[in-house]
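Work through the following exercises with the sequence and the model at hand, and attempt each task before turning to its solution.

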Amino acid sequence: MLDEKDMAITPAPDALRTDDGALREDYVERVARAVGGGDTALLRELFGDLHEADVGDLIEALDAELRPRLVELMGPDFDFAALTEIDDTIREEILDELPTETVAEGVRDLDSDDAVAILEDLPKEEQDEILDQLPAPERVALARSLDYPENSAGRRMQDEFIAVEPHWTVGQTIDYMREKPDLPHRFWELYVVDKDHRLTGAVALDRLLRSKRPVPIAELTGEELWRVQATDDQEKVARLFERYNLVSAPVVDPQGRLVGVITFDDIVDVIEEEAEEDIKALGGVGRTEELSDTVWQVAKGRFNWLLINLGTAFLASSVLKLFEGELEKMVALAVLAPIVASQGGNATTQTMTVVVRAIATRELSTANAARVIVRELMVGLLNGLAFAVITGVAAAAWFKVTGLGVVIGLAMICNLVAAALGGILIPLTLHRLGRDPAVASSPFVTTVTDIVGFFSFLAIATFWFGLK
């Protein structure tokens with residue numbers, strides 16, 4: 001920890017960030033020069049008592065070779081919790097450069113959930129080497145958390161909590177908390193357990209402090225107790241917090257024994273991560289891609305998606321091949337066909353984005369699927385009619401052929417209705433089959449609208465103008 005002198009020279013917010021929240025370039029440059037020159041005194045002055053989130057942003061702003069050097073120069077004054085605020089790729093690069101003794105010393109004083117976040121991406125051999133240098137109680141607790149599945153509540157929980165027995169009184173409990181040296185940094189409730197450490201209830205801190213000292217803890221336990229299994233997926237836990245407005249929740253093992261607690265600040269990170277992953281997946285970007293990734297990592301991660309899209313593009317183009325003769329007779333068809341397909345692609349992306357997110361948040365289910373399908377169909381029909389008029393008038397005026405306006409208008413209606421159906425039915429079907437709709441939907445739905453758009457436009461034109 002920093003002493004009072006260091007705290008007194010903490011950089012003011014306006015000295016650290018611009019009005020839009022970005023780190024000031026001159027501040028980053030001063031830190032970079034201090035690190036490059038090994039000026040520990042200046043570094044301590046510049047860092048002051050920065051919050052871990054500010055330190056994380058500063059680390060990301062520095063050149064790669066300066067990051068581990070910064071950690072080493074700050075020594076015991078560096079808060080390793082800052083490493084939980086940076087990209088996974090950057091964190092792994094820093095940890096690879098640091099001696100295991102430095103990492104072990106850095107995670108020793110962290111909350112268990114932050115320590116797990118730092119250790120979980122390391123190879124098993126490095127994890128074991130670092131854990132071996134920790135005191136037995138901390139080593140056992142961290143090893144247990146690391147044994148839980150990735151993205152589970154067991155990985156997110158912290159094992160610092162307050163547990164008391166039901167026969168304790170309010171006075172005993174308050175005295176216990178006053179005397180206990182290793183209380184959690186922040187807590188909102190304490191938990192009631194039996195002699196086998198099985199969770200039996202929870203008491204909100206405000207209710208405890210409003211009660212008389214002689215009152216038994218058992219009388220204060222609420223009727224509602226939202227417990228979480230250590231193996232529960234973190235997304236399921238996030239939905240529980242969102243649904244019931246929880247601040248914290250106890251985590252239990254299969255035998256019902258209290259093993260940890262998960263808090264809202266962890267859930268905020270989960271919600272942000274899950275939303276970010278869904279957005280990336282919808283755009284055909286790898287879920288783990290970060291701005292700090294190398295050119296090769298990014299190119300490799302995007303290649304497969306682009307290859308799939310290339311295949312679907314050839315499939316859509318094969319429809320044009322079917323009407324090769326008609327296109328030669330009327331060149332205007334080749335000019336207008338992409339407009340129909342493109343408009344359908346945009347419309348289906350709108351529907352698909354809403355549906356995929358609704359599936360992820362469990363807002364869309366069997367109970368309301370029929371209603372949502374009908375709604376999207378009506379939206380597709382309404383927009384189809386509107387754009388049929390707009391594109392029909394534009395096409396007729398452009399090529400001075402009234403029939404072209406009618407043809408493209410009818411095709412627009414067909415394709416926007418097909419876009420609405422594809423945008424909702426394909427994600428729902430993939431979800432029912434156990435596939436991730438965020439990852440798999442896009443190439444399917446865009447292919448549907450391309451094929452329907454090209455085929456409907458050219459088929460209607462062939463019939464209308466008698467091109468066969």
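**Exercise 1.** Find which residue of S6 is the bridge partner of Ser 248, and then describe how S5 and S6 pair.

*Solution.* In this predicted model, the bridge partner that Ser 248 has in S6 is Thr 263. Turning from this bridge to the strands, one finds that S5 and S6 run in the antiparallel sense and are paired over five bridges. Between the strands of this hairpin lie five residues, and Gly 256 there adopts a positive phi near 80 degrees. As for cover, strand S6, which spans residues 258-263, is mostly covered, since six of its six residues are buried.

**Exercise 2.** Locate Val 247, decide whether Val 247 is buried, partly exposed or exposed, and name the surface patch to which Val 247 belongs.

*Solution.* Val 247 sits in the loop that links helix H15 (234-244) to strand S5 (248-252). Its relative accessible area is 35%, and Val 247 is therefore partly exposed, given that this class lies between the 20% and 50% limits. On the surface, Val 247 joins Trp 188, Phe 264 and Val 268 in a nonpolar patch, whose accessible area together is about 330 Å².

**Exercise 3.** Determine whether Thr 447 is buried or exposed, and which residues Thr 447 contacts beyond its neighbours within four places in sequence.

*Solution.* Thr 447 belongs to helix H22, which covers residues 437-465. With a relative accessible area of 8%, Thr 447 is buried, because the limit for that class is under 20%. Once the neighbours within four places in sequence are set aside, Thr 447 is in contact with Thr 312 and Leu 315.

Key: Residues numbered from 1 in each chain as written. Predicted model: local features only at pLDDT ≥ 70, side-chain atom pairs only at ≥ 80, totals over all residues. Heavy atoms only, no water. Helix = DSSP H or I, 4+ residues; strand = E, 2+ residues; numbered from the N terminus. Buried < 20%, exposed > 50% of the residue type's maximum accessible area, 1.4 Å probe, protein only. Contact = heavy atoms within 4.5 Å. Patch = residues over 30% accessible without salt bridge, like charges linked within 9 Å, V, L, I, M, F, W, Y side chains within 5 Å. Areas by Shrake-Rupley, 256 points an atom, 1.4 Å probe, with all protein chains shown as cover. Salt bridge = Lys/Arg side-chain N within 4 Å of Asp/Glu carboxyl O. Pairing = 2+ DSSP bridges.
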